[in-house]
Amino acid sequence: MPLTATQVRDRVKNRTGHTDNAIVMDEVNSAKDWVFNRIFNSENGPDLLGTWATEITLASRTRDYDLGAGLSNVAIYGIKQLWVKLPTDSRFTPMVPADANARAFVENDSYPASDTTTVATSHPVYYETRNFDMVRFAPPLPVNAVLRVDYWRKAPDLDTSTNNTLDAGDDIPEPALEALVDKATAQVFILLDDSRWTEFNRLAEQRMHEAGFVLHKRAQGPARVTPYQYRRRRIL
């Protein structure tokens with residue numbers, strides 16, 4: 001079973017002797033962000049963090065939209081794909097990412113601000129992403145259109161009350177939890193001006209490196225070897 005937030009906190013407290021729960025949890029979550037960024041920036045890392053098929057029904061004609069707010073203020077690290085189901089559609093269709101200066105985007109985004117009626121009635125619908133989670137649609141989307149958002153998100157903070165049991169797919173993956181504990185331990189030791197922080201920081205780096213290999217092999221499975229054969233006969 002993966003560690004709970006309480007277990008992570010208590011292990012850091014036992015190692016360091018620090019007794020303030022709030023301070024220790026602050027460092028635990030700082031270490032969590034360090035681990036998360038390492039996973040996200042590693043080869044094939046972002047696909048470990050995809051959250052799929054979150055649907056949002058638009059309550060009004062929409063040209064610019066704050067996905068962060070629409071997804072209950074989740075910290076979005078990037079959009080993998082946007083889909084839309086127009087009121088006349090029976091299924092979702094992928095939207096087309098585009099630069100705001102691309103000809104196709106400009107042609108579908110050239111309506112004046114006074115135009116409050118023109119909306120998308122067919123596909124493709126283009127979108128541009130700004131500042132991670134702000135999107136602009138071209139043409140604007142009509143009321144009751146449904147967005148499906150595939151996105152990369154920041155792992156939520158560990159909290160002994162509200163996020164004690166760590167869930168696969170939302171929180172830091174289990175193979176990286178030991179690196180998280182080591183990094184949090186090092187950071188608490190820095191607060192205490194204790195030189196042992198260097199050893200735990202080294203352990204965190206080493207374990208995070210090893211965890212990266214484990215996470216990347218999630219699809220292939222463990223390494224397979226050919227069983228040793230004491231003797232092989234050759235027929236000439």
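These exercises walk through a predicted model of one protein chain.

**Exercise 1. Layout of the chain**

Task: State how many helices and strands the protein chain has, and give their order from the N terminus on.

Solution:
- Start with the count. The protein chain has 6 helices and 8 strands.
- Now read along the chain. The elements run α-α-β-β-α-β-β-β-α-β-β-β-α-α.
- Add burial. Of the 236 residues in the protein chain, 42% are buried.
- Finish with contacts. Take those with a separation of 6 or more: 72% of them join residues 24 or more positions apart.

**Exercise 2. The open sheet**

Task: Find the strand order in the open sheet of 4 strands, and explain why one side of E2 and of E5 has no neighbour in the sheet.

Solution:
- Write down the order. The open sheet runs E2-E7-E6-E5, with mixed pairing.
- Look at the edges. Strand E2 (62-66) and strand E5 (96-97) stand there, each with a single partner strand, so one side of each lacks a neighbour in the sheet.
- Move to E6 and E7. Strand E6 covers residues 126-130 and strand E7 covers residues 134-141; their pairing is antiparallel, over 5 bridges.
- Pick out one bridge of this pair. Arg-130 has Met-134 in E7 as its bridge partner.

**Exercise 3. Strand E8**

Task: Decide whether strand E8 is largely enclosed or not, and describe how it pairs with E3.

Solution:
- Locate the strand. E8 spans residues 146-153.
- Use the cut-off: a residue under 20% relative accessible area is buried.
- Apply the count. In E8, 7 of the 8 residues are buried, so the rest of the structure largely encloses this strand.
- Turn to its pairing. E8 and strand E3 (residues 76-85) are antiparallel, with 8 bridges.
- Name one bridge. Gly-78 is matched with Trp-152 in E8.

**Exercise 4. The nonpolar cores**

Task: Describe the largest nonpolar core and say which helix gives the largest share of it.

Solution:
- Begin with its size. The largest nonpolar core holds 29 residues.
- List the residues with the most contacts inside it: Val-28, Val-35, Ile-172, Leu-180 and Met-208.
- Identify the contributors. Helices H1 (5-16), H2 (21-41), H5 (177-191) and H6 (197-216) are the elements that each give two or more residues.
- Compare shares. H2 supplies the largest, 9 residues.
- Note the second core. It is separate and has 22 residues, including Ile-56, Leu-67, Leu-86 and Leu-141.

**Exercise 5. Packing of H2 and H6**

Task: Classify the orientation of H2 and H6, and give the hand of their crossing.

Solution:
- Recall what is needed. A helix pair is described by the angle between the two axes and the distance between them.
- Take the values. The angle between H2 and H6 is about 40°, and their axes lie 11 Å apart.
- Classify. Angles under 35 degrees count as roughly parallel, and 65 to 115 as roughly perpendicular. H2 and H6 are therefore oblique to each other.
- Add the hand. Their crossing is right-handed.
- Name the residues that meet. Trp-34, Val-35, Arg-38 and Ile-39 of H2 face Ala-204, Glu-205, Met-208 and Leu-215 of H6 in contact.
- Follow one residue further. Beyond four places in sequence, Met-208 touches Trp-34, Val-35, Arg-38, Ile-39, Ala-176 and Ala-179.

**Exercise 6. Lys-183**

Task: Is Lys-183 buried or exposed, and which residues does it touch?

Solution:
- Place the residue. Lys-183 sits in helix H5.
- Check its area. The relative accessible area of Lys-183 is 11%, so this residue is buried.
- List its contacts. Beyond four places in sequence, Lys-183 touches Ala-31, Trp-34, Asn-201 and Ala-204.
- Compare sequence with space. Lys-183 and Ser-30 are 153 residues apart in sequence, but 8.8 Å apart in space, C-alpha to C-alpha.

Notes. Residues numbered from 1 in each chain as written. Predicted model: local features only at pLDDT ≥ 70, side-chain atom pairs only at ≥ 80, totals over all residues. Heavy atoms only, no water. Buried < 20%, exposed > 50% of the residue type's maximum accessible area, 1.4 Å probe, protein only. Pairing = 2+ DSSP bridges. Core = buried A, V, L, I, M, F, W, Y, C linked by side-chain atoms within 4.5 Å. Contact = heavy atoms within 4.5 Å. Axes fitted to C-alpha atoms, helices over the stretch in contact; angles between N-to-C directions. Parallel < 35°, antiparallel > 145°, perpendicular 65-115°, else oblique. Left-handed = near helix turned anticlockwise from the far one by under 90°.
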